[in-house]
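Thanks for coming. Please have a look at the sequence and the structure on the screen, and then I will go through the overall build and the empty spaces inside.

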Amino acid sequence: MAVGKDTIMLGAPGAGKGTQAKILSQELGILHVSTGDILRANVAGGTELGAKAKAYMDRGDLVPDDLIVDMVRARLQEDDCAHGVLFDGFPRTLPQAEALTQVLQETGRGEARVVAIEVAEEELVRRLSGRRVCRGCGHISHVDSLPPGQVTCPDCGGELYQRSDDSPEPIRQRLQVHAKQTEPLLEYYGSRGGLLRVDGTGPPESVAERALTALRS
Ligand code: AMP
């Protein structure tokens, strides 16, 4: 299968997938699709999918593959996905990766490219436990880089909140789940030949630069 425009962002929780996906999707002119964001919107909107997914998300466990694959399949059928998608947080298991390969094949979109962002575990825990998200624009910041006591977004002034799964027990669980269920995807995509490994440390702009260089070479 020829290589298409769809791009997958792999990386542990806290590796910076969301931040990088925002930058790279703009640079590459493709649509940012985050399965975590879609799920959180479903939970907030009280949909049937949200009700099914909530308990898994609160614990830091993965939502079952069939729900995720149906959700992504439906999303890919929308017009705004026609020019390429940057997947953030999907696939996260081998069955999801295999299902995506099949969907891309069936729809003639071509093989996806894969960027794996690599960050040491100690740094992941530091990033996740201090992470704050803006309710207005989705901007992600870290308490260490905000003035003490600031509860509003430095970008848009919206309210900053801490994700319910960014607390110690769910963080531990998410990192374990990632090691067990998502890391095998490195081998899956490595053997298919589309894997680009990128150092995820340092400022987001530097990481993005490295990722773009890898994608363009
Ligand atoms: P994220 O925003 O990507 O960290 O995702 C937050 C939570 O949503 C995860 O901890 C999972 O519970 C759920 N989730 C997001 N994407 C997936 C996926 N591809 N497969 C299973 N669960 C997912």
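The secondary structure here comes to 9 helices and 8 strands. The radius of gyration is 17 Å, and the globule rule gives a value close to that, 17 Å for 217 residues, so this protein is as compact as a globular protein of that length. Keep in mind that this is a predicted model.

Some overall figures. Taken along the principal axes, the C-alpha atoms fill a box of roughly 50 × 40 × 35 Å. Of the 217 residues, 45% count as buried. The accessible surface comes to about 11000 Å², and carbon and sulfur atoms account for 51% of that. Now take the contacts between residues at least 6 apart in sequence: 71% of them join residues at least 24 apart.

Next, a pocket. How much volume does the second largest pocket have? About 260 Å³. It is lined by 16 residues, and the closest to its centre are Gly 11, Ala 12, Val 119, His 178 and Glu 183. Three elements give two or more residues to this lining: β4, at 111–118, α6, at 121–129, and α7, at 168–182. Of these, α7 gives the most, with 4 residues. By class, the lining of this pocket has 9 nonpolar, 3 polar and 4 charged residues.

Now the cavities. How many cavities of 30 Å³ or more does the structure hold? There are 2.

The largest cavity has about 40 Å³ of space. The residues lining it are Ile 8, Leu 100, Thr 101, Leu 104, Glu 111, Ala 112 and Tyr 189. Two or more of the lining residues come from α5, at 94–106, and likewise from β4. The most come from α5, with 3 residues. By class, the lining of the largest cavity has 5 nonpolar residues, 1 polar and 1 charged.

The second largest cavity also holds about 40 Å³. Around this second cavity we find Val 69, Val 72, Arg 73, Phe 90, Ala 99, Leu 100 and Val 103. The elements that give two or more residues to this lining are α4, at 65–76, and α5. Which classes appear in this lining? It divides into 6 nonpolar residues, no polar ones and 1 charged.

One residue to find on the screen is Leu 100: it is in the lining of the largest cavity and in that of the second largest cavity. That is the end of my part.

Technical notes: Residues are numbered from 1 along each chain as its sequence is written. This is a predicted model: local features need pLDDT of at least 70, side-chain atom pairs count only at pLDDT 80 or more; totals for chains, interfaces and linings use all residues. Side-chain values use heavy atoms; hydrogens and water are left out. On a 1 Å grid over the protein atoms alone, a cavity is a set of points where a 1.4 Å probe fits but cannot get out, and a pocket is an open set with protein on both sides within 12 Å along at least five of seven lines; lining residues have an atom within 4 Å of a point. Grid points are joined across faces, edges and corners, and a volume is the space filled by probe spheres set on the points. Ala, Val, Leu, Ile, Met, Phe, Trp, Tyr, Cys and Pro count as nonpolar, Asp, Glu, Lys and Arg as charged, and the others, Gly among them, as polar. The radius of gyration is taken over C-alpha atoms; the globule rule is 2.2 Å times the number of residues to the power 0.38. Buried means under 20% relative accessible area, exposed over 50%, partly exposed in between (1.4 Å probe, protein chains only). Contact means heavy atoms within 4.5 Å. Accessible areas come from the Shrake-Rupley method with a 1.4 Å probe; for residues, only the protein chains shown count as cover.
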